[in-house]
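Work through the following exercises with the coordinates open beside you, and try each task before reading its solution.

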Amino acid sequence: AAYFKGNIVVVGGEDRSGYLSDTFVLNTGTWTWSWIDTSALAPLRDHMAIWIPSLLGSVSLRWPSLFVFGGHTRVECEDASGKEKSDTKLVEDCTICQATNTGYELVYGVKIDGFPLPRASAGFVLDMDRLRLIVYGGQGVEPLGDTHVLNLQSLDLRPLPSISHVQPSQGQACGGIPLQITGTLLDGTSALVRFVDETGECVEAEGVCTQGRVECLTPAWPSERGGTVDLQVCVDQGRWSCPVSWLFSSSAQ
């Protein structure tokens with residue numbers, strides 16, 4: 001939860017049904033609740049949330065903004081026998097909720113250069129005198145004892161490219177499958193497409209931009225057994241899109 005100008009904002013959490021992705025705001029003047037549509041947010045637990053006031057002269061933070069970062073989410077994966085199971089994963093990116101004059105605007109999947117390694121239950125404090133966010137400790141793969149300082153005036157929160165459709169939705173792990181990616185903000189000259197699994201294993205392929213879409217040949221996946229991965233695209237060395245799922249099927253099929 002986070003507090004800002006008489007409002008307590010509650011993001012995600014966990015109940016008997018599992019991890020949650022909804023957001024509610026409690027007005028402590030009227031003691032009434034309101035709801036913010038954050039349905040695109042990954043279900044979260046053990047994350048960090050903090051309100052940051054608008055910063056004069058900042059393109060990215062011209063509105064008060066709620067930073068949600070880190071924590072755990074649930075992912076579907078396969079066990080050693082190939083059966084599907086649900087597992088816990090550390091969240092690697094941030095979600096920004098900006099309180100504009102017309103309502104709330106959300107920016108998902110924000111990647112910030114120099115931001116701390118994925119972690120849950122970290123300590124954090126906002127230093128408004130020096131316009132910085134300080135994050136320390138927390139739980140990663142193992143307990144952490146590091147400290148990171150984020151310069152708030154250096155943030156770039158311009159809209160990310162987004163992927164609406166990938167054709168085909170799967171391909172053999174040996175690679176060489178022609179891939180077409182459509183979405184928004186995919187206009188440019190060159191592109192890079194990357195495939196990342198839950199362990200951090202990553203392969204990339206160079207692509208070209210054609211009439212608002214990205215085309216490439218899939219690279220070979222290190223494991224012939226394949227598996228479900230996150231697919232992202234970057235245009236003209238810009239920012240990476242939010243991930244979508246893609247399947248490397250077994251080369252033996």
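The exercises below concern a predicted model, and they go from the overall fold to single residues and charged pairs.

**Exercise 1. Describe the secondary structure and burial of the protein chain.**

Solution. Begin with the secondary structure, which comes to 0 helices and 21 strands. Next take the accessibility of the 253 residues in the chain, of which 43% are buried. Finally, consider contacts between residues at least 6 apart in sequence: 51% of these join residues at least 24 apart.

**Exercise 2. Determine how strand 16 is joined to strand 14 and to strand 19.**

Solution. Start from strand 14 (residues 162–167), which runs antiparallel to strand 16 (residues 178–184) and is joined to it by 5 bridges; within this pairing, Ser-162 has Thr-184 as its bridge partner. Then turn to strand 19 (residues 213–217), which is also antiparallel to strand 16 and is likewise linked to it by 5 bridges. Here Leu-179 has Cys-216 as its bridge partner.

**Exercise 3. Is Ser-65 buried or exposed, and which residues does it touch?**

Solution. First locate Ser-65, which belongs to strand 6 (residues 65–69). Its relative accessible area is 0%, and because buried means under 20%, Ser-65 is buried. When residues up to four places away in sequence are set aside, Ser-65 touches Ile-50, Trp-51, Ile-52, Ile-96, Cys-97 and Gln-98.

**Exercise 4. Which polar partners and contacts surround Asp-197, a buried residue that has no salt bridge?**

Solution. Place Asp-197 in the loop between strand 17 (190–196) and strand 18 (202–210). Then look for a side chain of opposite charge: the nearest is that of Lys-89, at 8.2 Å, and because a salt bridge requires the nitrogen and oxygen to be within 4 Å, this pair does not qualify. Polar atoms nevertheless lie around the side chain of Asp-197, which makes a polar contact of 2.7 Å with the side chain of Thr-199 and has a polar atom 2.9 Å from the backbone nitrogen of Glu-201. Beyond its neighbours within four places in sequence, Asp-197 is in contact with Trp-221, Thr-228 and Val-229.

**Exercise 5. Examine the salt bridges of the structure, and say which parts of the chain they link.**

Solution. The structure holds 6 salt bridges. One of them joins Asp-230 to Lys-89, with the closest N and O atoms 3.4 Å apart; this pair links distant parts of the chain, since Asp-230 is in strand 20 (residues 227–235) and Lys-89 in strand 8 (residues 84–90), 141 residues apart. Both residues are partly exposed, Asp-230 at 24% relative accessibility and Lys-89 at 21%.

Continue with Arg-119 and Asp-146, whose closest N and O atoms are 2.8 Å apart in their salt bridge. Arg-119 lies in the loop between strand 10 (103–110) and strand 11 (123–127), whereas Asp-146 is in strand 13 (residues 143–151), so the pair ties together parts that are 27 residues apart in sequence. Arg-119 is buried at 3% relative accessibility, while Asp-146 is partly exposed at 24%.

A further salt bridge, between Arg-132 and Asp-127, has its closest N and O atoms 2.8 Å apart. Arg-132 is partly exposed at 23% relative accessibility, and Asp-127 counts as buried at 15%. To finish, note that Glu-14, Arg-45 and Asp-46 are joined into one network by salt bridges that share partners.

How values were computed: Residues numbered from 1 in each chain as written. Predicted model: local features only at pLDDT ≥ 70, side-chain atom pairs only at ≥ 80, totals over all residues. Heavy atoms only, no water. Pairing = 2+ DSSP bridges. Helix = DSSP H or I, 4+ residues; strand = E, 2+ residues; numbered from the N terminus. Buried < 20%, exposed > 50% of the residue type's maximum accessible area, 1.4 Å probe, protein only. Contact = heavy atoms within 4.5 Å. Lys, Arg positive; Asp, Glu negative; His and termini not counted. Polar contact = N/O pair within 3.5 Å; in protein donor to acceptor, adjacent residues only side chain to side chain.
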